[in-house]
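This report walks through a protein model, beginning with one of its sheets and moving outward to helices, loops and a ligand site. The sequence and the structure are shown first, so that each passage can be followed on them.

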Amino acid sequence: MSDARSDSNVNHVTKTNQLEATTTITIAICVLITIVALIISAVAISKPAGSDITVQGKTTSPRQTPQPAVAYSPSTYDASWCQASNRRRIYTVAIGFDIGAYVYSDDSGFQVGFGHDLIDAVCQEAGIDCRIVTEPFTNCMFSEKGQPQRGGIGLMEGWYDACIGYLASRQRRQIFSFSKPFLKPLEVYFYAFPGFNPFNITGKKVGLISGFFTNEACIAGLDQVAGRDVPHANVFHAQTPAELLAMIQNGTVDVGFAAAVDVINVISDTNVRQFPSGPFFCKNYGQTGMMTRKDNDFNSKWNEGFEKLVSSGRFKRLCDEARIKHGHRGEIDCVDA
Ligand SMILES: *[C@@H]1O[C@H](CO)[C@@H](O)[C@H](O)[C@H]1NC(C)=O
Ligand SMILES: *[C@@H]1O[C@H](CO)[C@@H](O)[C@H](O)[C@H]1NC(C)=O
């Protein structure tokens with residue numbers, strides 16, 4: 001027993017030494033790279049101007065081959081690598097705004113809601129450092145008339161690691177990865193002036209919100225609705241729920257199609273109504289979770305933290321508490337846990 005323990009102590013000490021050695025080597029390499037980069041950039045700058053070849057027009061002369069001054073320009077030296085390797089990784093998560101109880105501005109204009117509470121709790125359980133970034137939805141997911149949904153520029157270009165609150169549809173799974181879901185499937189409806197018949201939308205101009213899962217593919221799966229294959233010419237995209245409301249009100253479209261949670265606060269106190277009385281659900285659309293690029297490791301860490309939150313009973317408590325804290329803004333429909 002005691003032998004085993006002293007062995008593990010030795011191992012521990014060795015590992016610590018190795019760790020320190022690795023850190024020292026990393027720092028040494030970083031310093032070396034910095035010096036080399038500085039020398040190269042100094043050489044590039046001090047090169048006589050005459051030796052730089054200016055290419056004008058389209059010639060096929062061999063002088064057009066890449067210039068060292070460009071290939072080794074200081075900008076190709078990536079300082080962030082040296083800094084990042086000695087620091088704890090920060091994960092950034094994009095969140096939208098004004099989605100019921102999930103995210104809204106409090107009295108002082110500060111963004112709060114269940115989304116913020118959940119990110120804090122899961123990242124704490126996962127032991128990762130997460131920061132929240134408020135972003136337009138279209139930077140996570142984007143759609144245009146007549147085209148399948150596309151990845152938004154923010155997530156595609158790696159401005160952040162994940163976007164919160166995206167439902168895993170078939171189209172989206174071809175672009176991004178999804179975490180374990182934390183919300184139940186969302187209810188979807190048509191939104192129009194009183195008297196609208198939601199069971200026949202033949203010839204109607206339909207308004208959608210760019211990037212939202214409530215798209216043409218979802219409408220096409222609503223078996224009870226005549227005219228559900230909406231021609232491209234009749235599809236119009238709003239950039240936000242508020243813009244969709246404006247398009248319904250000024251007659252740009254006959255009807256809007258959206259998840260209740262996304263528009264319910266926007267249409268309250270207007271003459272726009274929800275149809276039909278019972279909800280529709282998109283077919284084969286999965287549930288709502290975190291969305292990342294497929295080459296990002298955020299979801300594996302998040303799922304670990306989320307599992308811990310669920311098994312400890314804290315997830316259920318978080319949902320119950322959020323319903324009290326944010327319930328005045330709408331429902332919070334957590335998965336059963
Ligand atoms: C749906 O509406 C269109 C146009 O108003 C009409 O021609 C068609 O017969 C209707 N279909 C059903 C199934 O009610
Ligand atoms: C209707 O509202 C939308 C969204 O605000 C706007 O882009 C459009 O120009 C408006 N159309 C008319 C006819 O007022």
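## The five-stranded sheet

In this predicted model, five strands form an open sheet in the order β4-β1-β7-β14-β8, and their pairing is mixed. At the edges lie β4 (129–134) and β8 (176–178), each of which pairs on one side only. From one strand to the next, the twist averages 40°.

The pairing of β1 with β4 is parallel and rests on six bridges; within it, V93 has I132 of β4 as its bridge partner. Helix α4, covering residues 114–126, packs on this sheet and touches β1, β4 and β7 (162–167), with its direction making about 160° with that of β4. A further helix, α10 (residues 298–311), also packs on the sheet, where it touches β1, β7, β8 and β14 (288–293), and its direction makes about 150° with that of β14.

## I132 on the edge strand

Is I132, a residue of strand β4, buried or partly exposed? It counts as partly exposed, because 18 C-beta neighbours lie inside 10 Å, whereas 20 or more would be needed for a residue to be called buried.

Leaving aside neighbours within four places in sequence, the contacts of I132 are with V93, I95, H116 and I119. V93 is thus met twice, since it is the bridge partner of I132 and also one of the residues in contact with I132. D120 is twelve residues away from I132 in sequence, and the C-alpha atoms of the two are 9.1 Å apart in space.

## Strand β10 and its partners

Strand β10, made up of residues 206–209, is covered on both faces: V206 and L208 are buried on one side, and G207 and I209 are buried on the other. Such a division fits a general pattern, in which the side chains of a regular strand alternate between the two faces of the sheet.

Two strands pair with β10. With β11 (residues 235–238) the pairing is parallel and extends over four bridges, and there L208 has H237 as its bridge partner. With β12 (residues 255–259) the strands also run parallel, joined by two bridges, and V206 has V255 of β12 as its bridge partner.

## Helix α9 and what encloses it

Why can α9 be described as largely enclosed by the rest of the structure? The reason is that six of its eight residues are buried, namely V261, D262, V263, I264, V266 and I267. The elements that cover these buried residues include β9 (188–192), β10, α8 (241–249) and β12. Strand β10 therefore appears in two settings, as a strand with both faces covered and as part of the cover over the buried residues of α9, which is largely enclosed.

Just after α9, D269 takes a positive phi of about 70°. This residue lies in the loop between α9 (260–267) and β13, and D269 is exposed, because 7 other C-beta atoms lie within 10 Å.

## Backbone details worth inspecting

D98, a residue other than glycine, also has a positive phi, in this case near 60°. D98 is found in the loop between β1 (90–95) and β2 (104–105), and D98 is partly exposed, with 18 other C-beta atoms within 10 Å.

A cis peptide bond joins F275 and P276, with omega at about -10°. P276 itself lies in strand β13, which covers residues 273–280.

## The surroundings of ligand 2

Which residues are found around ligand 2? They are E243, A246, M247, N250 and T252, and by character this shell divides into two nonpolar residues, two polar residues and one charged residue.

## The chain as a whole

The protein chain holds eleven helices and 14 strands, and buried residues make up 35% of its 337 residues. Among contacts in the chain with a separation of 6 or more, 76% are accounted for by residues 24 or more positions apart. The parallel pairing of β1 with β4, and that of β10 with β11 and with β12, are among the strand pairings described above.

How values were computed:
Residues numbered from 1 in each chain as written. Chains lettered and ligands numbered in written order. Predicted model: local features only at pLDDT ≥ 70, side-chain atom pairs only at ≥ 80, totals over all residues. Near = placed C-beta within 6 Å. Nonpolar A, V, L, I, M, F, W, Y, C, P; charged D, E, K, R; others polar. Buried ≥ 20, exposed ≤ 12 C-beta atoms within 10 Å, placed from the backbone. Contact = placed C-beta atoms within 7 Å. Pairing = 2+ DSSP bridges. Axes fitted to C-alpha atoms, helices over the stretch in contact; angles between N-to-C directions.
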